[in-house]
Amino acid sequence: SWRARWLPVDSGGKGALPAMRSTAQILTTLRPHMTASRPRINRWASASLGLVLLHAQSVHSGCPTNLLSLLPCSGNGFCNSTRGDFCHCDDGFTGTDCSQRMCPAGRAWADYAQGYNVAHRNDTECSGMGYCDYETGVCECRAGFGGSACQKLLCPQGQNGNGVSQECSGQGRCMSMREAGAQVDYKSLWFGDEYGKWDADMIYGCACDEGFEGMDCSELSCPAGDDPITTGKDEVQILTCICPYSCSGTFTLGFRGQTTDAIPHDATAELLEYYLEKLSTTMSVNVSITGGNGGVCAGTGVTTMITFRELSGNLPALVNTSSLTSTTGAPYLSIYTDGLTSPFHRTNASVIVRIHSYFATTHPIYVDFKRNRT
């Protein structure tokens, strides 16, 4: 019978399968019996094949041989027969017989800590956020992740105005943490700073266009303003300037990405107001000057109050860039907001900032402000 013909090799009985020295011989013998016309025999032969191959491996020592290619190490590596008969796989292949393709690797999203504040190791298959298809070498990423090694947290998708699903709903910019840290647009990105942590190029998010908000920028922004019950809450920012005698030069003021033309050191309130209102971002302002001889800078110290008459809410601080000079000392130019008082006159601003530099040089003076709403 057919079953008798496939007795185990080591039985020694009549009809036993002769000892075979290669996988090719085994397949040549089995293949005629594994046809579509014999489904029951196929199942039995498939199970028997495993037993036969185990025997073949014990009879024929050496590295694993791929059943399809009939090549040691699947032809994707070389056999080390001097140190235990194992395969050294070529780049891009893995497995005991080098038959599996390796998937791209990246920094792990989560793993065991390797030391104090040391984790997220590199060279992690599919970055630990996907499953490797070893036949194709392609990562199948979990929902929300992408990239060849699943190394990116993707920006959310949303429907744009035409009902088409699009990144950031087509109403914002998708950018990494590193990119977002380096930019300031005074809409979604308010603070500029260099960011270079482990996830700087892995986490992506939406920076929404003006008038839109939400994680996917699909929501329309509602108008914002002061609480109508409160009074006297217009945004007030203070410009202070000391420029010793023989003062000369100019300075500029920036607001929400726009910068004024060069403003003379002795500009009057009306002239400063004119320069500020040329910016589309400031709209209407009111300027008043205390101290000095009517100009924004003087040797005794001048306080200039700038009131934003139309813009509502907590506004970003003005940014000044100075090229003031003096023959008798270093000029001093600074911006105050959020309740701080001018050092020259008892005049309060309506917003607080921490001033990082007081030196009026050719470099900008940057301010770091808190966004407190009332």
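1. Pocket lining. The largest pocket of this predicted model has a mixed lining: nine nonpolar, seven polar and eight charged residues. Its space comes to about 730 Å³. In total, 24 residues line this pocket. The closest to its centre are Lys187, Trp190, Glu210, Ser221 and Arg256. Rolling a probe the size of a water molecule over the atoms shows where such empty space is left.

2. Overall make-up. The protein has 374 residues, and 36% of them count as buried. Its secondary structure consists of five helices and 27 strands. The accessible surface is about 21500 Å². Carbon and sulfur atoms hold 52% of that surface. Among contacts with a separation of 6 or more, 48% join residues 24 or more positions apart.

3. Disulfide count. How many disulfides does the protein have? The count comes to 11. Each such link is a covalent bond between the sulfur atoms of two cysteines. Three of the pairs are taken up below, starting with Cys126 and Cys139.

4. Cys126 and Cys139. The sulfur atoms of this disulfide are 2.1 Å apart. The torsion about the S-S bond is -90°, and the link is left-handed. Cys126 sits in the loop between β6 and β7 (130-133), while Cys139 belongs to strand β8 (residues 138-141). The pair therefore ties together parts that are 13 residues apart in sequence. Both Cys126 and Cys139 are buried.

5. Cys155 and Cys174. This disulfide also has an S to S distance of 2.1 Å. The link is right-handed, with 90° about the S-S bond. Cys155 lies in the loop between β10 (152-153) and β11 (157-159), and Cys174 in strand β13 (residues 172-176). The two are 19 residues apart, and the pair links distant parts of the chain. Is each partner buried or partly exposed? Cys155 counts as buried because its relative accessibility is 6%, under the 20% cut-off. Cys174 has a relative accessible area of 29% and so is partly exposed.

6. Gly205, beside that pair. Leaving aside neighbours within four places in sequence, Gly205 is in contact with Cys155, Arg173, Cys174 and Met175. Both cysteines of the disulfide in point 5 are thus among the contacts of Gly205. Gly205 itself is in strand β14 (residues 204-208). Its relative accessibility is 27%, so Gly205 counts as partly exposed. From Gly205 to Glu167 the C-alpha to C-alpha distance is 9.8 Å. Those two residues are 38 residues apart in sequence.

7. Cys241 and Cys297. The sulfur atoms here are 2.0 Å apart. What is the handedness of the link? The torsion about the S-S bond is about 100°, so the disulfide is right-handed. Cys241 is in strand β17 (residues 236-242), and Cys297 is in the loop between β21 and β22 (302-308). The bond therefore ties together parts that are 56 residues apart in sequence. Cys241 is buried, as is Cys297.

8. Cys222. This cysteine has a relative accessibility of 65%. Cys222 counts as exposed because that value is over the 50% cut-off.

9. His120. The backbone deserves a look here. Most residues other than glycine have a negative phi. His120 is not a glycine, yet its phi is positive, at about 55°. Where is His120 found? Its place is the loop between β5 (105-106) and β6 (124-125). His120 counts as buried because its relative accessibility is 19%. The cut-off for buried is under 20%.

10. Met283. Here is another backbone point. Met283 has a positive phi of about 60°, although this residue is not a glycine. The loop between α5 (269-277) and β21 (285-290) holds Met283. Is Met283 exposed or partly exposed? With a relative accessible area of 40%, Met283 is partly exposed. That class lies between the 20% and 50% cut-offs.

Definitions and conventions. Residues numbered from 1 in each chain as written. Predicted model: local features only at pLDDT ≥ 70, side-chain atom pairs only at ≥ 80, totals over all residues. Heavy atoms only, no water. Helix = DSSP H or I, 4+ residues; strand = E, 2+ residues; numbered from the N terminus. Buried < 20%, exposed > 50% of the residue type's maximum accessible area, 1.4 Å probe, protein only. Contact = heavy atoms within 4.5 Å. Areas by Shrake-Rupley, 256 points an atom, 1.4 Å probe, with all protein chains shown as cover. Disulfide = S-S within 2.5 Å. 1 Å grid on protein atoms, 1.4 Å probe; cavity = no way out; pocket = protein on both sides within 12 Å on 5 of 7 lines; lining within 4 Å. Points joined across faces, edges and corners; volume = space filled by probe spheres on them. Nonpolar A, V, L, I, M, F, W, Y, C, P; charged D, E, K, R; others polar.
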